[in-house]
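Thanks, everyone, for making time for this. I would like to walk through one structure with you, going from its surface to its interior, so please have a look at it before I go on.

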Amino acid sequence: MMYSLEAGGKRLRPILVLTAAEAVNSDSLARSQAMPVASAIEMIHTYSLIHDDLPAMDNDDYRRGKLTNHKVYGEAMAILAGDGLLTHAFYAITRTVALGTSPETALAIVSDLARLAGAPGMVGGQAADILGEQGVTSLAELEYIHLHKTSDLIVFSVLAGARIGGATQQQLESLQQFARKLGLAFQIQDDILDLIGDEAKLGKPVQSDVQQQKVTYPFLLGMEKSVALVERLTEESKQALADAKLAKPEYLLAIADYLMNRDH
């Protein structure tokens, strides 16, 4: 479990939890209360990567510049490591109550995670991704895959931090739109980088989507339109963020810009 959890990466999802909490409530207490949830979402993300890399899924040998979990510990232990991280994430969220978060808020966060990481969310998106085929999958089906496979955990991260910060219902709704569009842009940029990215910077092989004949936005739309779509979705996400009228939105805006221009 620790081998993959400490392997590096952008830590985007935990950063979004902490930044969203601060954006709603700049009190340092909100950040400390959000830390167990930030840890939890990194556990969920890491478990999904461990399982994604298995021979039955994407069959990858490297992740974050290191050998994948099953290449080091074997397939059975890699499956169990993922299972352990998934389960421990829910325990981690309960620890935020000891730091002052209300039980009602913690319950709402647990409910969000169970939904957005499960069959209606990330797992459902992964299942659709496995079933998708080049030349068969439509643009609407591809959007469904990306919105659930990738965007839903980003939505969770932003909403969880906002809940801890004490966001209003209107703010939560605007932030959900911000995160949904940001997550879709993030995954389209991943599709682009798989074609033109630097393998050393990415820490994993490029052209893997092509080799596995996975349907992607560049495959369906072409590179130019895919790049333009990332830019449009990023601008729309920033508008949704402005609609939330947060106390300190600057860092969330900076993250949106960074993700659009990233090279890994």
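Let me start with Tyr62, which lies in strand 1, residues 62-63, and please keep in mind throughout that what we are looking at is a predicted model. Is Tyr62 buried, exposed or partly exposed? Its relative accessibility is 42%, and because buried means under 20% and exposed over 50%, Tyr62 counts as partly exposed.

Tyr62 also belongs to a nonpolar surface patch of about 590 Å², which it makes together with Leu67, Val72, Tyr73, Met77 and Leu80. Helix 4 (69-73) and helix 5 (75-94) each supply at least two residues of that patch.

Turning to the interior, the largest nonpolar core has 55 residues, and among those with the most contacts inside it are Val37, Ile44, Phe156 and Leu252. Elements giving two or more residues to this core include helix 2 (12-24), helix 5, helix 9 (169-196) and helix 14 (250-261), while helix 3 gives the most, with 10 residues.

If we take Leu252 as an example, and leave aside residues up to four places away in sequence, it touches Leu16, Thr19, Ala20, Ala23, Leu175, Phe178, Leu241 and Leu246. There is also a second, separate core of 12 residues, which includes Leu184, Ile188, Val215 and Tyr217.

Finally, I would point to helix 7, residues 122-131, where Met122, Gly124, Gly125, Gln126, Ala128 and Asp129 are buried. What covers these residues includes helix 3 (28-52), helix 6 (103-116) and helix 8 (139-165).

Definitions and conventions. Residues numbered from 1 in each chain as written. Predicted model: local features only at pLDDT ≥ 70, side-chain atom pairs only at ≥ 80, totals over all residues. Heavy atoms only, no water. Patch = residues over 30% accessible without salt bridge, like charges linked within 9 Å, V, L, I, M, F, W, Y side chains within 5 Å. Areas by Shrake-Rupley, 256 points an atom, 1.4 Å probe, with all protein chains shown as cover. Salt bridge = Lys/Arg side-chain N within 4 Å of Asp/Glu carboxyl O. Helix = DSSP H or I, 4+ residues; strand = E, 2+ residues; numbered from the N terminus. Buried < 20%, exposed > 50% of the residue type's maximum accessible area, 1.4 Å probe, protein only. Contact = heavy atoms within 4.5 Å. Core = buried A, V, L, I, M, F, W, Y, C linked by side-chain atoms within 4.5 Å.
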